[in-house]
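Good morning, colleagues. I should like to take a few minutes to introduce a structure that will be new to most of you. Please look at the sequence and the model as they appear.

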Amino acid sequence: MNREDFEILNTGIIYFDNGATTFKPECVINSIVDYYKNYSANAHRGDYTISYKVDVAYENARKKALEISLMADCDVMSDDSGLCVDCLNGGPGVYSARFSGEGATDEKNNALLVEKVSAFPENERTARYVCDLVLARAGKEILHAEGSCEGIIITEAKGENGFGYDPYFFYPP
């Protein structure tokens, strides 16, 4: 999709993060902001807490984007993402960042993940990272995009420089 495909980006953009998405790789955030800076000098990344209790990534992203867009004089982009593990009935899903409860850390979340999936054979530990992104203006949704990356949960950490569940998510190309 190109800029010419729809009329947006006239007044800048705010990329809205909450606690669960604050640690996204800078390359992802920078690519979003850089895209908008090519068309507008007003690209900003914002942090703001919104209370939401929805179990679907799209609805969380949508609520954040719509609510902030009512307060902003520009477009607002928000996302929600998580790890969905089939043998855990799609969990932790939107609760990925706080899977192990209050005071959750990557280490605690990963330990709980490994504990829960260890009861299943590897071929039943299929999983995917999912992400929903919503762009809103003045309280109206302009664009919704979703994506996923399929993999398998392993029980021994692998790799370097990962964050979150990365050390336990195997992506077989």
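Let me begin with the two aromatic residues that will concern us, bearing in mind that this is a predicted model. Tyrosine 129 has a relative accessibility of 23% and therefore counts as partly exposed. Phenylalanine 169, by contrast, has a relative accessible area of 11%, so this residue is buried; the cut-off for buried is under 20%.

How many aromatic pairs does a search of the whole structure find? The search gives one. The partners are tyrosine 129 and phenylalanine 169, whose ring centres are 4.6 Å apart, with 55° between the planes, and the pair is tilted. Tyrosine 129 belongs to strand 5, residues 126-137, while phenylalanine 169 belongs to strand 7, residues 169-170; the pair therefore ties together parts that are 40 residues apart in sequence.

I turn now to the nonpolar interior. The largest nonpolar core contains 13 residues. Those with the most contacts inside this core are Leu83, Val85, Leu88, Leu113, Val117, Ala127 and Ile153. Two elements each give two or more residues to the core: strand 3, spanning 75-85, and helix 3, spanning 106-117. Helix 3 supplies the largest share, namely three residues.

Which residues does leucine 88 touch, if we leave out those up to four places away in sequence? Leucine 88 touches Phe99, Leu113, Lys116 and Val117.

Finally, there is a second, separate core, made up of seven residues, among them Ala61, Ala65, Ile68 and Val76. Thank you for your attention.

Conventions: Residues are numbered from 1 along each chain as its sequence is written. This is a predicted model: local features need pLDDT of at least 70, side-chain atom pairs count only at pLDDT 80 or more; totals for chains, interfaces and linings use all residues. Side-chain values use heavy atoms; hydrogens and water are left out. Rings of Phe, Tyr and Trp (its six-membered ring) pair if their centres lie within 6.5 Å; planes under 30 degrees apart count as stacked, over 60 as edge-to-face and the rest as tilted. Helices (H or I, at least four residues) and strands (E, at least two) are DSSP runs, numbered from the N terminus. Buried means under 20% relative accessible area, exposed over 50%, partly exposed in between (1.4 Å probe, protein chains only). A nonpolar core is a set of buried Ala, Val, Leu, Ile, Met, Phe, Trp, Tyr and Cys residues joined through side-chain atoms within 4.5 Å. Contact means heavy atoms within 4.5 Å.
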